[in-house]
Structure formats: structure tokens, C-alpha cells
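Welcome! Please take a moment with the sequence and the model below, and then read on for a short tour of its charged side chains and overall build.

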Amino acid sequence: MEKFNRTLRGYDPDEVNRFLDQVIQQVENIVKENKEKDARIKELEHFEQENRRLVQKLEQYEKVEGTLNRAIVMAQKTSDQMRASAHQEAEVILDDAKKNANRIVNEALLKAERAEDEAARLNRNMKIFKRRVKEIIEAQLEVVEEIDQVNI
């Protein structure tokens, strides 16, 4: 607490005025600091909101990525299963054709032609399937690129 010297009519006005100037300066400094702190708090709140928004977007993209990965894995599994099935089917047809060829020559020739037709159909189907899987994967990649472009 400040003590003032006494004068004829009370306290020394110069001392009191100097003291009041100091108090005013200190109050102004405190007000300025509070305003700066309020501005900093608002800025940090804004960053926190932006951070939450970005985390949500990241979670969405991770979900999309997971979905795309599962779709690609399923397409690969389907492709592998169809390929294995096609190979097994072709082997069965060829084995039957070989067994029957020993019995009757004409019958063996007919069955061999059928096996070749079936293998050609399976190869065409395999080519079609590969093309479709490739188109699906490319379409999925385009979706991912569009998502990346939207977020840039």
C-alpha cells in the first residue's frame, strides 16, 4: 500500500497523481494481457475445431480405404477361384476326352473338339473376367483419386 506525504490541504497531489498514473498503467496492461489471452484462446479453440474436423475426415477416408481394400481383395479372391475352377473344369474335360479316345476313335475326336471349344470359351470368359476386374479396380482408383482431389 502506498503512503502519501501530507501537505497543507491533505495529501501531496503530485504524489497521488503519479500513483494514479501507475495504477492506470497497470490496469491498462492487465486489460491488454486479458484481451491477448482471449484472442489466443479463440485461436486455440478454432485450431481445436479444425483438428476435430480433420480427424473426422481422416476417419471417413480410412473407412473408404478399408472398403476399397476389401473390394479389391474380394475381386482377387473371385478371380483366383474362377481361374482355379476354369483350370479344374478344363482338366476334367481333357481327362474325359483322353479316356474316351481309347474306346472309340470317332467319339474321341468329337469329345476333343468339344473340349477345345470349352477351353476357348473358358479362355474368352477368363479374358472377359480379367477385363471386368481391371475395369472395377480402375473405377475404384478413380474414386480414390476424386476423393484426393476433393480434399486437396
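Arg 52 is partly exposed, because its relative accessible area is 46%, a value between the cut-offs of 20% for buried and 50% for exposed. Keep in mind that this is a predicted model. Arg 52 has a charged partner, Glu 48, and the two form a salt bridge.

**The pair in the first stretch of helix**

- In the salt bridge between Glu 48 and Arg 52, the closest N and O atoms are 2.9 Å apart.
- Both residues belong to helix α1, which covers residues 13-103, and because they sit four residues apart there, about one helical turn separates them.
- Glu 48 also counts as partly exposed, since its relative accessibility is 44%.
- Side chains of opposite charge can pair when their charged atoms come close.

**Another pair in helix α1**

- Arg 83 forms a salt bridge with Asp 80, and here the closest N and O atoms are 3.5 Å apart.
- These partners, Arg 83 and Asp 80, are three residues apart in helix α1, about one turn of the helix.
- Arg 83 has a relative accessibility of 30%, so it counts as partly exposed.
- Asp 80 is partly exposed too, with a relative accessibility of 35%.

**A link between the helices**

- Arg 121 and Glu 89 meet through their side chains in a salt bridge, with an N to O distance of 3.8 Å.
- This pair connects distant parts of the chain: Arg 121 is in helix α2 and Glu 89 in helix α1, with their positions 32 residues apart in the count.
- Arg 121 is partly exposed at 33% relative accessibility, and Glu 89 is partly exposed with a relative accessible area of 32%.
- Glu 89, Glu 118 and Arg 121 are joined into one network by salt bridges that share partners.

**A closer look at Glu 118**

- Where in the protein is Glu 118 found? Glu 118 lies in helix α2, which runs over residues 105-151.
- Is Glu 118 buried or exposed? Glu 118 counts as buried because its relative accessibility is 18%, and the cut-off for buried is under 20%.
- Once neighbours within four places in sequence are set aside, Glu 118 is in contact with Glu 89 and Ile 93.

**Negative charge on the surface**

- Glu 138, Glu 142, Glu 145, Glu 146 and Asp 148 form a negative surface patch.
- One member of that patch, Glu 146, is found in helix α2.
- Glu 146 counts as partly exposed, because its relative accessibility is 48%.

**The protein as a whole**

- How many helices and strands does the protein have? There are two helices and two strands, and from the N terminus on, the elements follow the order β-β-α-α.
- The protein has 152 residues, and buried residues make up 11% of them.
- The accessible surface comes to about 13300 Å², and carbon and sulfur atoms account for 54% of that area.
- Among contacts with a separation of 6 or more, 57% are between residues 24 or more positions apart.
- The count of salt bridges comes to seven, including the one between Glu 48 and Arg 52 and the one between Arg 121 and Glu 89.

Technical notes:
Residues numbered from 1 in each chain as written. Predicted model: local features only at pLDDT ≥ 70, side-chain atom pairs only at ≥ 80, totals over all residues. Heavy atoms only, no water. Buried < 20%, exposed > 50% of the residue type's maximum accessible area, 1.4 Å probe, protein only. Contact = heavy atoms within 4.5 Å. Areas by Shrake-Rupley, 256 points an atom, 1.4 Å probe, with all protein chains shown as cover. Patch = residues over 30% accessible without salt bridge, like charges linked within 9 Å, V, L, I, M, F, W, Y side chains within 5 Å. Salt bridge = Lys/Arg side-chain N within 4 Å of Asp/Glu carboxyl O. Lys, Arg positive; Asp, Glu negative; His and termini not counted. Charge placed at Lys NZ, Arg CZ, Asp CG, Glu CD.
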